[in-house]
Amino acid sequence: MTAFADQTCAALATVSGCDLQVPLVQGGTVRYANFDYAASAPALQQVTERIADLLPTYASVHRGAGYASHISTDCYEAARGSVARFLNAADDQVVVFTRNTTDSLNLLAACVPGDTVVLDVEHHANFLPWTRHGRRVVPIADTIEETIQRIVAELCTKPAALLAITGASNVTGELLPLERLAWIAHQCGTRILVDAAQLAPHRRIDLRTTGIDYLAFSGHKAYAPFGAGVLVGRRDWLDAAEPYLAGGGAVRSVTADGADWALAPQRHEAGSPNVLGVAALAKACDVLAELDEATVLEHEQYLTHRLRYGLKTVPGVNFLRIFRDSTDAVGIVAFTIDGFEPGRVAAYLSAEHGIGVRDGRFCAHPLLSRLGVDAALRASIGLGTTAADVDRLVDAVATLVEHGPNWDYANTEGHWNPVPETRPFADTDSGAAPCGF
């Protein structure tokens, strides 16, 4: 037992929704236990306060002469510095703001002057965009070591412009040795891109030390769910590529015959930007950077081990794992339960216990196929997770396996729901949200 056993969500950083009460189908309410951080994390309290402070001066950026426009412009441009400091970006790396990780990777895909090598374990966001200039897929092996050797063989056999790799698996949380992979890529004359959507909220990343050329992550997974993402990377490809979007803000001047395009990052940020989303992302980066790295890591590892140990005692629970020799992972636990469809289990956990988990194939269909499962459950841990939350999840799974659900559930068009559904939800006719629970 450690000091983390009784920690509240405010012990490390306060996240919105820690005290959210949700209804149960059998009646009554319970505090929501959120195990879906890997999909979208709740906002840090400091982030919501930052947005509230900025709303009165929210205005157009870059071209407005008014006082509010100056404030918004300064806030937007200062956010690049927050992100760069958070990642310890190199001098020749620029910060481009996007909508999310998927947007960032599609942007970079249009800039890569050659083939991209990927593994078959990637999230769809880091798998589908690279077909534009040629995608070469390396099938993983059972171990990280053998997989790295396959990457080396692929890069040595035929030159590639880019190696696109996940920082942490969105299915199992397993980490790859990024600094080593960056060195290997550079030895082969290849640049490296890291999809850090799952890594950035959990671990500090140093672009200078690791040698990572490009990195992308999303605000909504890093406690800033206001619709902004980021691509950080070396300037030359971004400056040479066609603008991601053609429009105002991406140009120096326009004539009837053509346009003089700006350099990155403005080159790829046409249109009115998401000022508030960018400010939220920047604030989240500042807050995460101030947290004690060792304490955050210990908190996460303790809760992850507690969850794994608890679920391991439940008959029929099987964990998903990619590599036999992996030794490190962020706080993500993926599992199946013999005899129970993942979607039905997720609906049961929500309806009868007020617990939120993810079910399905997690936008990683090739990986799930490789692991031999059609779908699974995913419980992901974040700054607001407590030991009590973990114990509730374990107890709820054990109760399901031992006694079954206390409610009926039906699969309608691929979605499992309790029957009857007694919980109040939004009025779809009026658009009004439920309140009072």
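This is a short tour of one sheet, the helices beside it and one buried serine.

The model is predicted: local features need pLDDT of at least 70, side-chain atom pairs count only at pLDDT 80 or more, and totals for chains, interfaces and linings use all residues. Residues are numbered from 1 along each chain as its sequence is written, and side-chain values use heavy atoms, with hydrogens and water left out.

**The sheet.** Select the strands (DSSP E runs of at least two residues, numbered from the N terminus, as are helices, H or I runs of at least four). Seven of them form an open sheet with mixed pairing, in the order β4-β10-β9-β8-β7-β5-β6. Its edge strands, β4 (93–98) and β6, each pair on one side only; pairing takes at least two DSSP bridges.

**Helix α4.** Next, select residues 144–157, the 14 residues of α4. Its buried residues (under 20% relative accessible area, 1.4 Å probe, protein chains only; exposed is over 50%, partly exposed in between) are Ile 144, Thr 147, Ile 148, Ile 151 and Leu 155. They lie on the same side of α4, because they cover an arc of only 100° around the axis, taken from the directions from the helix axis to the C-beta atoms. On the other side, Cys 156 and Thr 157 are exposed.

**Ser 380.** Finally, go to strand β17 (residues 376–380), where Ser 380 is found. Ser 380 counts as buried because its relative accessibility is 1%. Its contacts (heavy atoms within 4.5 Å) beyond four places in sequence include Asn 34, Tyr 37 and Gly 331. The Ser 380 side chain also reaches the backbone nitrogen of Ala 38 at 2.8 Å.

Note on methods
The expected span of a helix is 1.5 Å times one less than its number of residues. A polar contact is a pair of N or O atoms within 3.5 Å; within protein, one must be able to donate a hydrogen and the other to accept it, and residues adjacent in sequence count only if both atoms are side-chain atoms.
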